[in-house]
Each structure stands twice: as C-alpha cells, then as structure tokens.
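Trainee: Could you take me through one part of this structure closely? I would like a single helix first, and then the nonpolar packing.

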Amino acid sequence: MTDISRPGKIIAVHLNYGSRAAQRGRTPAQPSYFFKPSSSIAATGGELERPAGTELLAFEAEIALIIGRPTRRVSPEDGWSAVSGVTAANDFGLYDLRAADKGSNVRSKGGDGFTPLGPVVLPAADLDPGALRVRTWLNGELVQVGNTHDLLFPFGRLVADLSQLMTLEPGDIILTGTPAGSSVTVPGDTVEVEVDAPSVPGAPSTGRLVTRITEGSIPFGDFGTKPSIDDLQRAEAWNTPPEPAFVLTDDLRAKLASVTTATLSSQLRKRGLDNVSIDGLTSTRPDRRVVGTARTLRYIPNREDLFATHGGGYNAQKRAFDSVGAGEVLVIEARGERGSGTVGDVLALRAQVNGAAAIVTDGGVRDLAVVAGLDIPTYHNGPHPAVLGRKHVPWDTDVTIACGGAAVQPGDVIVGDADGLLVIPPPLVDEVVADAIEQERQEEFIAEQVSQGARVDGLFPMNADWKERYRAWLTQR
C-alpha cells in the first residue's frame, strides 16, 4: 500500500456534494478549501479520543485523492491524471471549536487522529472518477451514501483549481467533501468508512476504515479558546433539519393587502414592536397597496477615494436593481440624506420590468416626474437632480440596513399604503395578519353600531355584552 502516513499537504474541500449542499441550504458557486496538518492522519484508523469537555465530535466520510506526480497549472480535463490513487477518509471535526477557528478549521479539524485514512489505496488508473461511492456505518447502521456523480466540483476540477496557485506534490492528499448524513459520534461508538467502485468488475474497495471513539480525560487549559457550543452548532453537527424558510404565498399577500397598515401597526404594537414603521417618506402611488419581501441596498456617505473604487462599473446600486425579483421591495438606506438622488427613471423602470412590488428610499429621487408616472410605487424623501456621487457611495446589498428610522433585514415583509410603510418580521406574519383581519372585522361591527346611534362607551373597545352581540352578528354574515 502507498505510504499515506505523512503527506506534505492535506487540502480539504468545504462543500462538494449536492446532497450535503441541500442539507446545508447553500450551494457554492466555486470550491473553497482548508488545510489539515499531516499529524492529524491515523493510517488505517484505530482509536480516536473525543477531547475532554467537548460534545460535538462529528464524522464526515470522504474520498481522499492521493497526488502521484508534481502538478502545476493543469486543466480540469487533465486533473484526474495527476491522481495516483484514492482511499477512504474520515474528516473528523469538533463543532465545539468552530467559533474559535473563524472558518480556518485549524483546531476544530486539526487534532491528532482527526484524519483516519485507508486501509487500502485503489489505483486511480483502474477507476472512473465519476463512478465511485463512499459510505459510512455508525455502530453497524448505514448512515451516509454518496456517489461521485453528485459532486458539485469533479475531482479533475479540484486538482486544476488548486494547481493554479500551488504545486501539488507526490503524496499530497485532497479530501473531496462529504455527502449528506454526517452527524455526531460519542465515546463507545464505532465509525466505519468505505470507498468502492460498484460498477467496475470485481467492485474494487478500500475496505472499511474503522475508528472507535474514546473519552478524553485531559481538559483544555486557560491559555487558548475553550470549547463552546450553541443551538446553531448543535443543529449543524447533528444535521437537524432547518426550520422551513418563510414563503410569502399568494394567499398571505392577499390577506396582507386586505388590511390597513394602521391595523397591522396595532397588532405589532401588541407584540411589543413599536419601531417597525419606515417614516417620513412620500409615495408616488399613494393609491396602491404594497406587499412584498425586502431586498436591501446600502449607501455610505460619499468619500472620493471610495467612490472611485465602488461608484463606477457594475456597482452595488446596479446589481440591486438588476437582481430585485418579482414581488420584492427594494429598500434603500440613504441615511435620510435628501441632497442627492438615489434612484432615477432608468433604474426605477428596471425594477418595474423585473416585477418588483415597490422601491423604498429614505433619500432623494431623480427624474421624479417620470418615476411618478411609472406603475411601480416609489416611496422617497423628496426630489433632487444630483447624481449619487454628490452625497453617496453605493456600498453593499442584501444586508441589514436602516431606512426611515426602521431596521430592515433581507426577507422582512414590507407592507405599505397611504398611511405609510411597515416592516413585519417573517415569523410573525401569519399571526399578525390573522389577528388584523379579525380586528378589522370587529371594527366594521363597531362602525355599523355607531352609525346606528350607539354610544362608544363600552362598545369601543367592546365589553362583555357587546362581544356577545358581536358573536351573534358574525353568525348572520
């Protein structure tokens, strides 16, 4: 067997299987990497100690590529030819130390024995890199299955990408990512990993890489960051399914559009949210109800050197208006500065063509007559003929911003009418709109009674007697 006990470099890919990306809720556009020390290798497995005082030691079955020749600047098509063999790997990591690493994984994945490899190296020349399989058993139960046809970035592309900047040397190892199913292991567990080629005659296999987990006894000292975990780390380590993402359905949109911002504001206030109105703006279409999810754009105060680097080309402003989608509201932070335009006729038209629900800026608007003639509502802080560079630098998009005195996060629900604009946190939308509809139904009843001569004392708000009459009124509707 090729000696894999002390490679010069161990380079690991963060995320590379479609199944894992779906589980994590994010799909990278390009591969990203981290290093592991050669001292983390445990050839052919054995025992691995979970450090004392830690809780979340996670396994990740991976296919390890072993570089067979000096490799520099190869193409993706030729990358596989630089690989001499593949074997099974287990990329163990401590979620307890992720906060300390800030993404480097130096401590969380660099511990002694954290990279078991083996037991058999399969010659790459005998294999189809697109037809390999990796599997994991935890205490005899199959918990991970990944096939290389599910890779986001094929092996040849990884080799080519890395070799653009560094020479890959014989014996270097690339860990190629883990499929869905990675989870936590505890002392007493046995984890087994195998890589095979089931479609090749004889189904060549690395055999099972066996690791037994033991409990450490030596605590961490006071001279470094100590282990710490939170609910997010627990959820990611155990692969607890995330809460379903909020969706502003057509039904919810219709319900929100059926009630006024005044009623919604009352319901938000009952839940302790007083600071959710975007204040001081004028709408070009006050007759229109606005309902949508927030996309955000942030301007910072103009500084000539920063405008030179961020103000031209395909800047944050243009990216925001190009990417705002159907039913979304583009909300712009301009710090209440009225001495410059923040949107003009062309960009407003672009948002309208995209199907955006509205534009909201606490700064000025250029070409106001044209913008006001568009179908899309634009909430603004007044007209101004000047361009951005007089007061603003377009800085970033899809971040938390301040607009009209309110904090706005991407995905917040924005509701607007002639009274103004509200920001509703997504987790509250269902209950807020349901109670708002009921409130307006009650107010309809109250208005009907007042129009018929009833006194407001005891009716607004309703006492027990009026509530009983209201229930009877509901049955007659």
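Mentor: Here is a look at one helix, followed by the nonpolar cores. Keep in mind that this is a predicted model.

Start with helix H5, which spans residues 231–238. Its buried residues are Gln233, Glu236 and Ala237. Viewed down the axis of H5, they fall within an arc of 100°, so they line one face of the helix. A general point helps here. An α-helix has 3.6 residues a turn, so residues three or four places apart point the same way.

What lies over that face? The cover on the buried residues of H5 includes helix H1 (18–24), helix H3 (98–101) and strand S14 (184–185).

Now the two ends. At the start of H5, Asp230 brings a side-chain oxygen to within 3.1 Å of the backbone nitrogen of Leu232. Just after H5 comes Asn239, with a positive phi of about 60°.

Next, the packing. The largest nonpolar core holds 31 residues. Ile63, Leu65, Trp80, Val83, Val86, Phe155 and Val159 have the most contacts inside it. Two or more residues each come from strand S1 (10–13), strand S6 (61–67), strand S7 (83–90), helix H4 (155–163) and strand S15 (190–196). H4 gives the largest share, 5 residues.

Take Ile63 as a case. Leaving out residues up to four places away in sequence, Ile63 touches a set that includes Tyr17, Val86, Leu132, Phe155, Ile174 and Val195. Apart from this core lies another, of 20 residues. Val343, Leu347, Ile359 and Val365 are among them.

Note on methods: Residues are numbered from 1 along each chain as its sequence is written. This is a predicted model: local features need pLDDT of at least 70, side-chain atom pairs count only at pLDDT 80 or more; totals for chains, interfaces and linings use all residues. Side-chain values use heavy atoms; hydrogens and water are left out. Buried means under 20% relative accessible area, exposed over 50%, partly exposed in between (1.4 Å probe, protein chains only). Helices (H or I, at least four residues) and strands (E, at least two) are DSSP runs, numbered from the N terminus. The arc is that of the directions from the helix axis to the C-beta atoms. Contact means heavy atoms within 4.5 Å. A polar contact is a pair of N or O atoms within 3.5 Å; within protein, one must be able to donate a hydrogen and the other to accept it, and residues adjacent in sequence count only if both atoms are side-chain atoms. A nonpolar core is a set of buried Ala, Val, Leu, Ile, Met, Phe, Trp, Tyr and Cys residues joined through side-chain atoms within 4.5 Å.
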